[in-house]
Amino acid sequence: MTWEVRTFAPEVLAPDVERIEDLARAESALAGVDVAVVEPGDPVRVTHVLDAVEPRIRPDGRRAFPTEDQAGQGVTHRIFDVAVLSCLDFPGEERPLHEQESIVDLAGPAADLTPFGSMRNVVLSFRPGDGSDHRTLDSAVRRVTLSTAEILAEPTLSAEPVHTHTFELGPVDDSLPSVAALVQLSDLGQLYQLYLYGTPVGESGLPKLVDPAEVMDGAVTAGEYHWAAMRNPTIFFQLNSLVRTLYREHGKRLRFSGVVLIRGYEQSADDKQRAADSAAQLAVGLGVDGVVITTDAGGNSHTDTMLTCRACENAGVRTSVIVCEETDLEATAPILTDWVPEADCIVSTGNVEQLGPAWKPERVLGGDHLLDGRPAAEAGPIPVRNYLGATNQMGQLDLGATSW
Amino acid sequence: MVRAIHYLNQFFAGLGGEEAAGTEPTRVDGPVGPGKGLAAALEGIEIVATIACGDDYFGEQEGAALGRLFALIEGDRPDLLVAGPAFGSGRYGYACARVVAEAGKRGIPGLAAMHEENPGVAAAAGRVLIVPTAVNVAGMRDALPRIASLASAVASGRELGPPAEEGYLPRGLRRNRHHGATGAERAVDLLLAKLAGETRSEVGGAFDRVEPPARVGDLSHALMALVTEAGCVPQGNPDRLPSVRAQAWLRYSLAGEKRLEAGEYESVHGGFDVARANEDPNRLVPLDTVKGLVDQGRIGRLHEFFYTTTGNGTPVASSTKFGREIARELRDAGVEAVLLSGT
Amino acid sequence: MLAKEIEREGIPTVFVTSLPTISAMIGVNRTLRGPAITHPFGLEEEERRQIVERALEMLETDVEPTTVWEVAT
């Protein structure tokens, strides 16, 4: 399959705020939405961030975030350096939802923990309707957010791209090592799950081989609100560094043999082992020499990662694994959530326990107070674990850790 | 003026060489020996007293040694404790690390100095600031100003910067850093390196645990081997095993020997007084005892070769490499039990 | 660490040293504390025999990770 991506400059963006507000009004679960457009480097802190999405549209009229068909072929338009940020403070109590604040600083010392400080952000602060349950609210928010991302890209249909790129995997020298990506997607039920073509990944028959371009063309969307720093918002799939790196290296240092989607949070030890073995078998079936295994979110999804690593190594497929650290600030060795001896090649995407320095933004979007009650404008030091995607374990960003 | 205490071993305190390694804890006013050079390099810090202890005394009676050492400085109200430099001397480095750790427990900030491969670094387990030095005393002149510099930083109470900038060995604390390359790019690089035969990891080592091998079922029928890190070699060291930091290991035949005879074997280990070992090499490699036990039937058979290297300051990486080589040989020879002597 | 590499091959190994703290910290599973750095296997034959016997006992015993024994019980 070939997939052509046409990239347009942020200047083409012309948000129709009223149209976005109408989308929210059409959802009975929502009382409305406040739309704010902020420029790169604005001294703004955004709280209760649920997801980040890049504006996308397809000139052939197919949906940018399809629920059927195969994404990753034909033509897709994108606007670069723009993100839609959806924010909502779910009313009422629910654990772990209310233990896990998710923040983006667009300036200040923690701005470089996420990529959004260098983007123009269209921030959607949703207002929940009375009496809506969390799941109904979430569905509405995701619908409006994805529709907004598509609407925002409409001006590209009558503009000139600044750049065009075609993703394809032609035949290459077969003496090069063959590599695949095993990309972990979580499913712990709604509010804590990712979607493949709109279906929760736990119901999508994972582990499953997909075309790499599907991952980047809207097939994977996020609805996951725990583990802020460790999780992957939609935009990380759209701009996936791992997939793009493997495309780039195809024919140079490796043969890119495909992407296998694997599930994080299989629900029992047996299921976890079965899924790990199954993923390893898919890798063997692809004939790959090695795989990069990614992780989504925290807790026992790391067990899925490590069991998958072990199963691959035992099946003769070499692995590198991407996880972040939860190292206590006084510990003198990295602390991982889980580990197996076969995991001898690990990338650490940083330590969530480290505290970001205190910063006072001039403006707060999303919500005035953090989930723990502190005022967002004057919250003092905030740990890295609360910054959206800061230590994501798909390797999207350049954070890591060193020993002092 | 910051009041500092300096810890030295018996040798650097001028109390004698190896024969004085059993010296009990002692105290003198002001700086002594290298402490004088250190005092000259320090600004705003005064070495009010020097405490010293024999390396063997400390190694064999650590609890008592620490108690007595700190009792000796109770009246000094120190603000800082500096230990060493111990260079490559393992017992001294160990003592320095433990003394500074104990000082820390008693609320006295401190630092030590030694070669990065000194076993004292492992003993510190990341809890003690250590200034890296050369492996032997030729590095004294280079070490003192750097010790003085870190001493000032510690005495000031300010937060320390990264190890490379401040001049101390990384302790293992984790600090985030932007690597430039994304995690994905690094993962692909590491995977390709691994496929090409070079396995590296951004996280590891600390997790290297080996399962305890199951016990020997029947020692009376088992093949046992003797291995030593104490640098025991034939007299004259014909194959030139280095006295420190051996990047090599050697294998010698024990065929026909009932014991290691003085004069035929010696220890070339640079980290301890080898006189006792040279009087009777069986004190390091207990061939006489083991041969006797084989004759009695307590042990089945003794492997024909013994393996020797010097463990003082051996870099961990090469220890693992030749450790694997020795281990594989032992495995291939069907060895079922090993006695390994260290120092 | 030599001892760990030999253990990795599944061969029970006793590391006799007068500095068992480091050995245990590095992860050696069977460490026996010897009397002194200069003579980990003891000065005289009788002491040496006691130390070696204790080491043999350790080889004949299943242990928890990073176990340290003294010669005298």
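**Domains, a shared interface and a buried strand**

The domain assignment of chain B gives two parts, with domain 1 covering residues 2-166 and domain 2 covering residues 219-341. Taken over C-alpha atoms, the centres of domain 1 of chain B and domain 2 of chain B are separated by 33 Å. The structure described here is a predicted model.

A good place to continue is the meeting of chain B with chain C. Here, 50 residues of chain B are in contact with 46 residues of chain C. On the side of chain B that touches chain C, at least two residues each come from the helices α2 (55-60), α4 (90-105), α5 (119-124), α9 (275-279), α10 (287-296) and α11 (316-332), and also from the strand β13 (337-341). Of the elements of chain B, α11(B) gives the most to this side, with nine residues. Sorted by class, the side of chain B that touches chain C has 26 nonpolar residues, along with nine polar and 15 charged ones.

Strand pairing also links the two chains. β13(B) pairs with strand β1 (residues 13-17) of chain C in the parallel sense, over four bridges. To find one of these partners in the model, look for Val338(B), whose bridge partner in β1(C) is Thr13(C).

Chain C itself has three helices and three strands. Read from the N terminus on, the elements of chain C follow the order α-β-α-β-α-β. Chain C has 73 residues, of which 53% count as buried. Among contacts in chain C between residues at least 6 apart in sequence, 40% join residues at least 24 apart.

In chain A, attention turns to strand β18 (residues 318-325). Eight of the eight residues of β18(A) are buried, so this strand is largely enclosed by the rest of the structure. Strand β17 (residues 290-293) of chain A runs parallel to β18(A) and is joined to β18(A) by four bridges. Within this pairing, Gly290(A) has Arg318(A) in β18(A) as its bridge partner. Together with helix α7 (residues 301-314) of chain A, the strands β17(A) and β18(A) make a right-handed β-α-β unit.

β18(A) also pairs with strand β19 (residues 346-351) of chain A, again in the parallel sense and over four bridges. In this pairing, Ile322(A) stands opposite Val347(A) in β19(A). Thus β18(A) has parallel pairings with both β17(A) and β19(A).

Technical notes. Residues numbered from 1 in each chain as written. Chains lettered and ligands numbered in written order. Predicted model: local features only at pLDDT ≥ 70, side-chain atom pairs only at ≥ 80, totals over all residues. Contact = placed C-beta atoms within 7 Å. Nonpolar A, V, L, I, M, F, W, Y, C, P; charged D, E, K, R; others polar. Pairing = 2+ DSSP bridges. Domains from an automatic or database assignment. Buried ≥ 20, exposed ≤ 12 C-beta atoms within 10 Å, placed from the backbone. Right-handed = clockwise from strand over helix to strand, strands pointing away.
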